[in-house]
Amino acid sequence: MNKFVIIGGGTAGWLTALTVKRYVPYCDVTVIASSEIGILGAGEGVTPHFNELMSDLDIPMTDIYANAKATSKKGIKFTNWNGDGTSYFHPFWEEKDAVHFDASKLAQFLQSTAISRGVKHIDDIVTGINSKPNGDIESFNLQNHETVQANFVFDCSGLHRLIIGKHFNAEWVDYSDSLPCNRALPFFIQHDDLELPEYTEAIAMKYGWVWKIPVQGRYGCGYVFDKRYISDDQAKQEVRELFGDVEFPRVFDFKAGAYKTPWVNNCIAIGLSSGFTEPLEATSIWIQILSLRHYLLQEPYFVRGNRHVVDSYNEFVGNINTYMKDFIHAHYLSNRKDSKFWQEFKWKQTTPHYRDWE
């Protein structure tokens, strides 16, 4: 019972590999992640819990600054959420900063660190999943015809949700009534500033909001909006009116929600494969950390399919997701009314049985 297989790289995959290797050093840990697929690379901020995890993993924060273009983060500034040009600041309660970082650089650094500590990496694509009669995953078939055996699996495949979603077809809990946005346009703004703001800025727009994250050499930004109200071209135009002539390397859809059972049989989904609220309060890595710690504290039962442990874990993660959903939902209950997006969302929240009107 010592072969752990992690499907997917990125921050979630390599943090999972490092954490498992730290808590269970005698185990065989393998990450299957294809360089052809790459990572989403959109989330570039964390909460102070990240610092605690780095300390636990014996990774100095100076290494994060040096290898991931990190900058200091003391909180989040919310700009124009009432439509009057004012702002408010959400400071972190921890004395220590959290950080901003270049997501791709961070994933590369975590990957090299994990490999140096004995984690195996297979650069390939999963083409098949083989299961035992009881439903547990036994092995994976890869594009290069290799078969990789597994005792326990972590699904870190991001929005692909290869295992928990597509293989196990776990029940999805939809958050769209509370969190209206469903599409994101990431973009970058280059800078050569020596003095950067020590906060993420969340700027309310007509149909959603923009994140603006300062890292060394650039701002990582993105417009999170509701595609039911505007097209991509209209969203790009709204961004350019505020930030000038920027380029948009990609666009992606997302559904706000989470799986009811992120632990199914001998597999746990971690990160975006488990669910996604949205990046408004940078809670994604926080949830990853809490989930991994809760799982690993179940030793020695965590790889043996103990029903009580599985149910307890799913309830724990479900409660976290519900709390985060309600927390972020409160941000949208603003006084803005300059577009149908804000007008209709507020109407839905204040009108009983609004679905009867649709």
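Helices (H or I, at least four residues) and strands (E, at least two) are DSSP runs, numbered from the N terminus. With those terms in hand, Ser273 can be placed in the loop between β20 (267-269) and β21 (275-276). The model is a predicted one, in which local features need pLDDT of at least 70 and side-chain atom pairs count only at pLDDT 80 or more, while totals for chains, interfaces and linings use all residues. Residues are numbered from 1 along each chain as its sequence is written, and side-chain values use heavy atoms, with hydrogens and water left out.

Ser273 is buried, with a relative accessible area of 0%, where buried means under 20% relative accessible area, exposed means over 50%, and partly exposed lies in between (1.4 Å probe, protein chains only). Setting aside neighbours within four places in sequence, Ser273 is in contact with Asp155, Cys156, Ser157, Gly158, Arg161 and Tyr259, contact meaning heavy atoms within 4.5 Å.

From this loop the reader can turn to the helices, beginning with α1. Helix α1 (residues 10-23) packs with helix α6 (residues 284-296) at an angle of about 30°, and their axes are 11 Å apart. Such axes are lines fitted to C-alpha atoms, for helices over the stretch in contact, and the angles run from 0 to 180 degrees between N-to-C directions. The helices α1 and α6 are therefore roughly parallel to each other, since angles under 35 degrees count as roughly parallel, over 145 as roughly antiparallel, 65 to 115 as roughly perpendicular and the rest as oblique. On the side of α1, the contact is made by Thr11, Ala12, Leu15, Thr16, Thr19, Val20 and Tyr23, and on the side of α6 by Ile285, Gln288, Leu292, Arg293 and Leu296. By class, the residues of this contact of α1 with α6 comprise seven nonpolar, four polar and one charged; here Ala, Val, Leu, Ile, Met, Phe, Trp, Tyr, Cys and Pro count as nonpolar, Asp, Glu, Lys and Arg as charged, and the others, Gly among them, as polar.

A second partner of α1 is helix α4 (residues 103-116), and the axes of α1 and α4 come within 9 Å and cross at roughly 25°. That angle makes α1 roughly parallel to α4. In this pairing, Gly10, Thr11, Trp14, Leu15 and Leu18 of α1 meet Ala103, Leu106, Ala107, Leu110, Gln111, Thr113, Ala114 and Ile115 of α4, and the contact of α1 with α4 has nine nonpolar, four polar and no charged residues. The spacing of such contact residues can be read against a general rule. An α-helix has 3.6 residues a turn, so residues three or four places apart point the same way.

Helix α2 (49-56) comes after the loop that begins at β2 (28-32), and Ser34 has its place in that loop. Ser34 is buried, with a relative accessible area of 10%, and a polar atom of the Ser34 side chain lies 3.1 Å from the backbone nitrogen of Glu36. Neighbours within four places aside, Ser34 is in contact with Asp123, Asp124 and Ile125. Helix α2 itself is mostly covered, six of its eight residues being buried, namely His49, Phe50, Asn51, Leu53, Met54 and Asp56. These buried residues of α2 pack against α1, α3, β6 (98-100), α4 and α6, and α2 is followed by Asp58, whose phi is positive, near 60°.

Helix α3 (residues 61-67) contains Asn67, which counts as partly exposed at 37% relative accessibility. The side chain of Asn67 has a polar atom 2.8 Å from the backbone oxygen of Asp63, and, not counting residues up to four places away in sequence, Asn67 touches Lys105 and Phe109. Ala68 is found in the loop between α3 and β3 (71-73) and is buried, with a relative accessible area of 0%. Leaving aside neighbours within four places in sequence, Ala68 is in contact with Asp63, Phe101, Asp102, Lys105 and Leu106.

Two further loop residues deserve a look for their backbone angles. His145, in the loop between β9 (137-142) and β10 (147-149), has a positive phi of about 75° although it is not a glycine, and His145 is exposed, with a relative accessible area of 74%. Asn265, in the loop between β19 (263-264) and β20, likewise is not a glycine and has a positive phi of about 50°, but Asn265 counts as partly exposed at 29% relative accessibility.

Note on methods. A polar contact is a pair of N or O atoms within 3.5 Å; within protein, one must be able to donate a hydrogen and the other to accept it, and residues adjacent in sequence count only if both atoms are side-chain atoms.
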